[in-house]
Amino acid sequence: MENIKLKQMHDEWLEEVTITEIQEKLDSGELTSKELVLMYLHRISLYDQKLHSILEINPDALHIAEALDAERREKGPRSQLHGIPILIKDNIDTHDKMHTSAGSLALKDSIALKDSFVAEQLRKAGAVILGKTNMTEWANFMANGMTSGYSSRGGQVLNPYGLGTFDVGGSSAGSGAAIAANFAAAAVGTETSGSILNPSCQNSLVGIKPTVGLISRRGIIPIAHTQDTAGPMARTVQDAAILLNALCGKDEQDPITKTNPFNHFDFTEFLLKEGLKGKRIGIALDGFMELLSKEKQAIVASAVEALKASGADIVDNIEIPSAKAKWKYDVLTYEFKPDLNAYLNQLHPSVGIRSLADLIEFNQKDEEKMLKFGQAVLLESEGTSGTLTEAAYFEALEFDLYHSTKQGIDYALEKYELDVIIFPGEEGSHISAKAGYPSIAVPAGFTAAGEPVGITFAGTAYSEPLLIEVAYAYEQMTKCRKAPVLK
């Protein structure tokens, strides 16, 4: 493609373009997927040297795009993602020329022996996996006080709305910064507790943290099997729903996905502009709102006022009994060791890190490079048996499940007869995460200094259609997202 055409399309069209708009140009022949990949690579080369959001580009991306262009001409598109460049977080396995390292130099040379379920689904849909995004190392389950978006392999991801000024959010920091900066059509992040929702709020994005079981966890470097999930991060609810269509599915190798009721399901059917009308929505403030600055509280309050004008039935300041519970991450501490050891044991024999103990030893050999924030969390997990037989584990798991459901999300939904709950920012994400329940973060505005602010819609298990419906209606009514100004 001529440089003039590349620059013209990059300047006039690429920024904030949606998947649907891209598909229109691909279908008409005005654009090819190969040209689209080149455009995104050009943008990455211009701006990511400051953001550090991308760890590596797929060397085969252009050839994959070219092959998908040929397939489109011969057979038509496979799905709404055919020929669309998608970025994925660096803890998601791809069996190709890219590495999967969870941001750690300990796994910098590790190439997965098999695709993850997520990668399989993306390839099946005809997406172009453009590259791997930087992340908080080990998904922020390594050290106390680790900065969001920092990894030994990729350095510090910066927020495109304020380089070094605003928190980029984590642990899916690279996915958040990259999509905010328009480096791909959308990205896949992962969440154990807040790791999709937090960077989505911080980067004015839509982030869907699905029910645990909607998307298979196979081939994702784990933290905890009871809470881990992948999910879409995009600039619009529609794009997030399109990506969710591709990622959703049952997997014989991940038993929890057999509870998924949405086989061959189209989440875009719930993109209804009138989706808020008649919905009963509870606003969770006590225990959450005070965690935000006064300015951010005012932005959330404005979002609530907009909802009241939408035709929704709003219940102010609902009670969630567990809002101020003494939550701990003990379940994660116990589950991390056996889950990570199982993952590491499946790597290529050339990878020397085969266990959590090996990882700790590797880090200790080069403290300056590997232990900028220490590894207290890794050491704590290594101190467990790795067998999940401790009474303390079962007590912690029982506490989390009871307080996140019967004293948490389900309590509020039932008591106030609600359809969904709204949390300010990503506050409250830990409750949904511990329940394994879905949430959607949506842009709500910006502070005077330009820092993005979001709100989160939460529901019970497999309420994604309802959450998408209300999130889309809110987004279309407010249209709060603005692209960052990159220099």
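**The sheet and two of its helices**

Let me begin with a single pair of residues in this predicted model: arginine 280 has aspartate 313 as its bridge partner in strand E10. That pair belongs to the pairing of strand E9, residues 280-283, with E10, where the two strands run parallel and are joined by three bridges.

Stepping back, these strands are part of an open sheet of eleven strands with mixed pairing, and the order across the sheet is E1-E3-E2-E6-E8-E7-E12-E13-E11-E9-E10. The edges are strand E1, residues 54-57, and strand E10, residues 313-315, each of which pairs on one side only. From one strand to the next, the twist averages 25 degrees.

Now to the helices that pack on this sheet. Helix H3, residues 33-51, touches E1, strand E2 (85-89) and strand E3 (128-133), and the direction of H3 makes about 15 degrees with that of E3. Helix H8, residues 237-247, also packs on the sheet, touching strand E6 (186-191), strand E7 (206-209) and strand E8 (229-234), with a direction about 145 degrees from that of E8.

What does H8 pack against besides the sheet, and at what angle? Its partner is helix H17, residues 464-478, with an angle of about 155 degrees between the two helices and their axes 9 Å apart. Because angles over 145 degrees count as roughly antiparallel, H8 is described as roughly antiparallel to H17.

Looking at the side of H8, we find Val237, Ala241 and Leu244, which meet Ile468, Ala471, Tyr472 and Glu475 in H17. By class, this contact of H8 with H17 has six nonpolar residues, one charged residue and no polar ones.

Conventions. Residues numbered from 1 in each chain as written. Predicted model: local features only at pLDDT ≥ 70, side-chain atom pairs only at ≥ 80, totals over all residues. Heavy atoms only, no water. Pairing = 2+ DSSP bridges. Helix = DSSP H or I, 4+ residues; strand = E, 2+ residues; numbered from the N terminus. Axes fitted to C-alpha atoms, helices over the stretch in contact; angles between N-to-C directions. Contact = heavy atoms within 4.5 Å. Parallel < 35°, antiparallel > 145°, perpendicular 65-115°, else oblique. Nonpolar A, V, L, I, M, F, W, Y, C, P; charged D, E, K, R; others polar.
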